[in-house]
Amino acid sequence: MKIQTVSDFSATIQTLIIPVQSETLEATLAVLTEQTAVPLALLQAEVTGKKGEVHTFFTTTGLRIYVLGLGTNPGSAEVIKAFRLLVFKQKARLPETVGVDLSSLPAAWAEFVVNGIWLASYNFGLYKTDEVKPTPLFSGTLELRHSEDLSDFIQKGEILAQTQLRVFPLLNAPANFKTPQTLASWAMHSGDAHGFKVRVYDAGECQSLGLMALLAVGQGSRNEPEFIVMEYEGVGASQTVALVGKGVTFDTGGISIKPSENMHLMKSDMGGAAAVLGTMEAVARLKLPVRLIGIVPTTENSVDGESMKPGDVITSYAGKTIEVTDTDAEGRLILADGLAYAIKNYNPDVIIDLATLTGSIIRTLGYHAAGMFTENTSLGKKLKRAGEHTGERLWRLPMWEEYADHLKSDVADIRNFSGLPHSQAIAAAKFLEVFTNEHPAWVHLDIAGTAYGDTDFAPQRAGTAYGVRLLVEFLERFAGEEASATV
């Protein structure tokens, strides 16, 4: 698909999309009545600009016009979803050349329009064998009408969407098509294609490094753990930011086995890893001026005669001992090694981890926001503003010392699970904090409710690529600023 900015649409346009906000409805209807000869009073009775509302009109020359309602003061996520849903549903009707009239919208919105249209191409039926093939996205030209040059916004929208489209299959693939080695291969190919360094440590090398918590989680699986380290060096970089993503490609819960009802959804327990992998690729393609380190400890948590058992005491990269009171609290174990490794070896100015870590965060925030844990108020505010811009919302929860008392152990330095029926997401954050060496600019994001969820584009739950746009926005807007340790 070729995308270009135009001041006037070409004569080849056969379909036109006119996005309309409630605030610009009157002006849009005036133009529309001239083009379609539909009386203004009739248009006013039908078209309200309500979010998600779509009306189809035809001009006297046969031009098909979709009027797409965006609602009142829509954010980027609403614009992306509206265009993705319209194009997804109408793909079979779209001709080779499509126009979008953005003349009444801010130029920056071109990014969201392009992102949404590209995302409409995703095929959720990864392994279907039906003879009926999914309808492809139109392959001709997309003309965006605006008085300003939209090239930079178009490029960013394309790069982010294309990265998200590569992340979706990782999230949605079942465990028999997705192992730790799959994530490692994805990272290696991405690094080769986009110019960032990738080093993958296999199980033997992890043993030599002392990544014992990662190895303990993976010892019950025939697919051995991997430890993925990525490094991108942007021109003019003044800060080092480290991202650590939980990469459990399937989580049975181990010996503390999960109920069977929704266990199939645990193929998504590598949502944090997907966010880190996607962010590394997008940042390298956008050539952002930051030094970015991506760490992905990846493993399966399986049930086997070799699996770690409740009550085991394991060691970690940081040298601290951990009493494993619940083998289903495994994500924090591999993150502990990832965090300690990143801090010791790269001394980052900022470190952020992302993980589908606890059901507790879903009970707290539902599926509408991720939990954010940090003692750095300045950094937390920057991430929250980035999330508000991208629609990937964050909500900060407390990190009071009283919660650390829940993790005291009789036989080890710390235990991995409190066993209490409350505040489990906070306790998990306090566990991770122990392995950050008191880093002044660390943030933990629990994305269990946002990385994988219900969607308008598939009959079942699916991956969202949550975190990719959020982190890119943060890095683009805020990472160049001096890191603040203000609490």
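Is S409 buried or exposed? In this predicted model, S409 has a relative accessibility of 18% and therefore counts as buried, the cut-off being under 20%.

**Surroundings of S409**

S409 belongs to the loop that runs between β16 (394-396) and β17 (414-415). Its side chain makes polar contacts with two backbone nitrogens, that of V411 at 3.1 Å and that of A412 at 3.0 Å. When neighbours within four places in sequence are set aside, the contacts of S409 are E323, I414 and R415.

**A buried lysine**

K178 lies in another loop, between α5 and α6 (180-194). With a relative accessible area of 0%, K178 is buried. A polar atom of the K178 side chain is 2.8 Å from the backbone oxygen of L170. Beyond four places in sequence, K178 touches L170, L171, A173, T249, K267, M270 and E300. The C-alpha atom of K178 is also separated by 8.5 Å from that of F250, although the two residues are 72 residues apart along the chain.

The distances described for these two loop residues are collected below.

| Atom or group | Partner | Distance |
|---|---|---|
| S409 side chain | V411 backbone nitrogen | 3.1 Å |
| S409 side chain | A412 backbone nitrogen | 3.0 Å |
| K178 side-chain polar atom | L170 backbone oxygen | 2.8 Å |
| K178 C-alpha | F250 C-alpha | 8.5 Å |

**Nonpolar cores and an enclosed helix**

In soluble globular proteins, nonpolar side chains tend to be buried together. The largest nonpolar core in this model has 90 residues, and those touching the most other members are V100, I117, L144, M230, L292, I352 and L445. Helix α9 (residues 271-286) contributes the largest share of this core, 10 residues. A second core, separate from the largest one, comprises 53 residues, including C206, M308, L339 and L357. For L445, the contacts beyond four places in sequence are I352, D353, L354, A355, G371, M372, L394 and L470.

Helix α13 (residues 424-433) is largely enclosed by the rest of the structure, because 10 of its 10 residues are buried. The buried residues of α13 include the charged K430 and E433, as well as Q424, I426, F431 and L432.

**Pocket and cavity**

The largest pocket has a volume of about 1,300 Å³. Its lining consists of 43 residues, of which A77, K81, G391, D454 and T464 are the closest to the pocket centre. Two or more lining residues come from each of α3 (76-90), α4 (110-119), α5 (151-172), α12 (377-390), β19 (452-453) and β20 (462-463). Among these elements, α3 gives the most to the lining, with 11 residues. By class, the pocket lining divides into 16 nonpolar, 16 polar and 11 charged residues.

Across the whole structure, 2 cavities of 30 Å³ or more are found. The second largest cavity holds about 30 Å³ of space. V167, L171, G271, A274, A275, A451, A465 and Y466 line this cavity. At least two of the lining residues come from each of α5 and α9, and α9 gives the most, with 3 residues. The lining of the second largest cavity has 7 nonpolar residues, 1 polar residue and no charged residues.

Some elements recur in these descriptions. Helix α9 supplies 10 residues of the largest core and 3 residues of the lining of the second largest cavity. L171 lines that cavity and is also one of the residues touched by K178.

Conventions:
Residues are numbered from 1 along each chain as its sequence is written. This is a predicted model: local features need pLDDT of at least 70, side-chain atom pairs count only at pLDDT 80 or more; totals for chains, interfaces and linings use all residues. Side-chain values use heavy atoms; hydrogens and water are left out. A nonpolar core is a set of buried Ala, Val, Leu, Ile, Met, Phe, Trp, Tyr and Cys residues joined through side-chain atoms within 4.5 Å. Buried means under 20% relative accessible area, exposed over 50%, partly exposed in between (1.4 Å probe, protein chains only). Helices (H or I, at least four residues) and strands (E, at least two) are DSSP runs, numbered from the N terminus. Contact means heavy atoms within 4.5 Å. On a 1 Å grid over the protein atoms alone, a cavity is a set of points where a 1.4 Å probe fits but cannot get out, and a pocket is an open set with protein on both sides within 12 Å along at least five of seven lines; lining residues have an atom within 4 Å of a point. Grid points are joined across faces, edges and corners, and a volume is the space filled by probe spheres set on the points. A polar contact is a pair of N or O atoms within 3.5 Å; within protein, one must be able to donate a hydrogen and the other to accept it, and residues adjacent in sequence count only if both atoms are side-chain atoms.
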